[in-house]
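User: Could you take a close look at the internal cavities here, and then at how the helices pack? I'd like the lining residues and the crossing geometry spelled out.

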Amino acid sequence: MTDGTPPRQLFTSRWGVMMSFIGVAVGLGNVWRFPYMVSAFGGGAFLIVYLLFLAAFGIPAILAELTLGRMTGRSTVGAFKQVGMPGGRLVGWLLFITVLMATSYYTVIVGWVLKYLVISLTGQVMSISPESFFDSVLGGFAGQFLMTAIVVGLAGIVLMLGIKRGVERISTIGMPLLFVLLLVLIGRSVTLPGAAEGLRYYLVPDFSKINSGVLTAALGQVFFSLSLGGTFLLTYSSYLPRDVNLKRTAITVGVGETLAAVLAGFVIVPAAVAFGLELSSGPPLTFVTAPAIFALMPGGALFAASFFGLLFFAAFLSDVAALEVLVAAATDELHVPRPRAIVIFCILTLALGSVGMVSLDYILKSDLVWGSIMQPVGSALALIALAWVVGQGRALEAANEGNDGSPVGGVWLFWIKWVIPAGIAVILALGVRDLFGTFLR
């Protein structure tokens, strides 16, 4: 290519595209955060609101990021610069730093999941005290470093294999397996004595519980769980062939991600209610409540291994996507050879992650900055770049390239130009409030 950038790798099959993009969206937020949010914000009422917001905000925003990525054929940094966005290069590097910092602590948590998968496979999970074991995991730097290093090493191998032989292949294997494991766990959870009450809470909406808190929580969960932020989906879409239907892909990603989250709720909520356990947010749900459920369940060791296996698949594929964002930016903009870029960012991720291994508080506060604040900012910037900078004619042409069904029209462009940014503003306002509240405590 004339700018010195090597020829771009592309996804090679529609099935590979579908699985790879769902793999980007499905992560820890689906398996632990979604069941907690359902429990904390009204059960079935939250579920209904979430599905409505997915259709109204999530899928249109996915389509915008896919369009921006494929039309430019560049990762985050290059995409904003190429469309002529004022300060586009600076915007891209800001989002690059966001992904770098978020990946450093996210990878540590993936290492925790790997640790729990190991103790589940050995049957140790049935005899531990969940609270004390989780505390011991957090307190052991060497153990965390080892597991995180294994995660980073595996991700590096996948990236070395490239888009077709690495990312696409592992996604086509991992995502179907994840859904199979979810179905197996659901079969066990919903047949537990007392699970019916949990199912009733999860599925039967009490509309009197819908308030401003439920609305904002559901909207925030849509952006969080779909990995919207002008980074992951944008970068992966730069590897899309021109004949891929972006509208269909956006719908598939939104539905697939939501299906994983809803199925995870069927695993956790009925079982927790059946055993009289309270759902709690964040790490305790995954690393304390879930082991307690499996310890009480006949055949619990097998189901624990299945649960942490699917959780690892989900978290690992998102981690691979995050590292790909970094590697793609380095190869596109700095012309660093791909193998060298992979090694650099694997080492840097492990080094930065070491801080999170000694401080859970650092992870929680970092997530507020790089997740709750910067992720919606990145999504808003991607919408601005497409709807305001690219312009209507070019944006609609790019969105409809490869579309063999009903075309994307001006209503979508109006929606991403005005309505979705208003929703993001609400998320940002709440995120800033939480950020100041947390740092002042």
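**Cavities and helix crossings**

Analyst: Sure. By the rule used here, you get two cavities of 30 Å³ or more, and bear in mind that this is a predicted model.

Start with the largest cavity, which holds about 50 Å³ of space. Its lining is made of L185, R188, S189, V267, I268, A271, A290, I293, F294 and M297. The elements giving two or more residues to that lining are α7 (141–189), α11 (246–274) and α12 (283–296). If you sort the lining of the largest cavity by class, you find eight nonpolar residues, one polar and one charged.

The second largest cavity comes in at about 40 Å³. Around it sit S20, G23, V24, V167, I170, S171, Y236, L317 and V320. Here the elements that supply two or more lining residues are α1 (14–25), α7 and α13 (300–333). So α7 turns up in the list for the largest cavity and again in the list for the second largest. The lining of the second largest cavity splits into six nonpolar and three polar residues, with no charged ones.

Now for the packing. In general, a pair of packed helices is described by the angle between the axes and the distance between them.

Take α2 (residues 28–40) and α3 (residues 44–72): their axes come within 7 Å and cross at roughly 120°. That angle is why α2 and α3 count as oblique to each other. The crossing of α2 past α3 is right-handed. On the α2 side, the contact uses F34, M37 and V38, and on the α3 side F46, L47 and Y50. By class, that contact has six nonpolar residues, with no polar and no charged ones.

α3 also packs against α15 (residues 360–390), where the axes come within 9 Å and cross at roughly 65°. Since 65 to 115 degrees is the range for roughly perpendicular, α3 is therefore roughly perpendicular to α15. α3 passes α15 in a left-handed crossing, whereas the crossing of α2 past α3 is right-handed.

For the residues themselves, α3 brings A61, A64, E65, T67, L68 and M71 to meet S379, A382, L383, A385, L386 and V390 of α15. The class count for this contact of α3 with α15 is nine nonpolar, two polar and one charged.

Conventions:
Residues numbered from 1 in each chain as written. Predicted model: local features only at pLDDT ≥ 70, side-chain atom pairs only at ≥ 80, totals over all residues. Heavy atoms only, no water. Axes fitted to C-alpha atoms, helices over the stretch in contact; angles between N-to-C directions. Helix = DSSP H or I, 4+ residues; strand = E, 2+ residues; numbered from the N terminus. Parallel < 35°, antiparallel > 145°, perpendicular 65-115°, else oblique. Left-handed = near helix turned anticlockwise from the far one by under 90°. Contact = heavy atoms within 4.5 Å. Nonpolar A, V, L, I, M, F, W, Y, C, P; charged D, E, K, R; others polar. 1 Å grid on protein atoms, 1.4 Å probe; cavity = no way out; pocket = protein on both sides within 12 Å on 5 of 7 lines; lining within 4 Å. Points joined across faces, edges and corners; volume = space filled by probe spheres on them.
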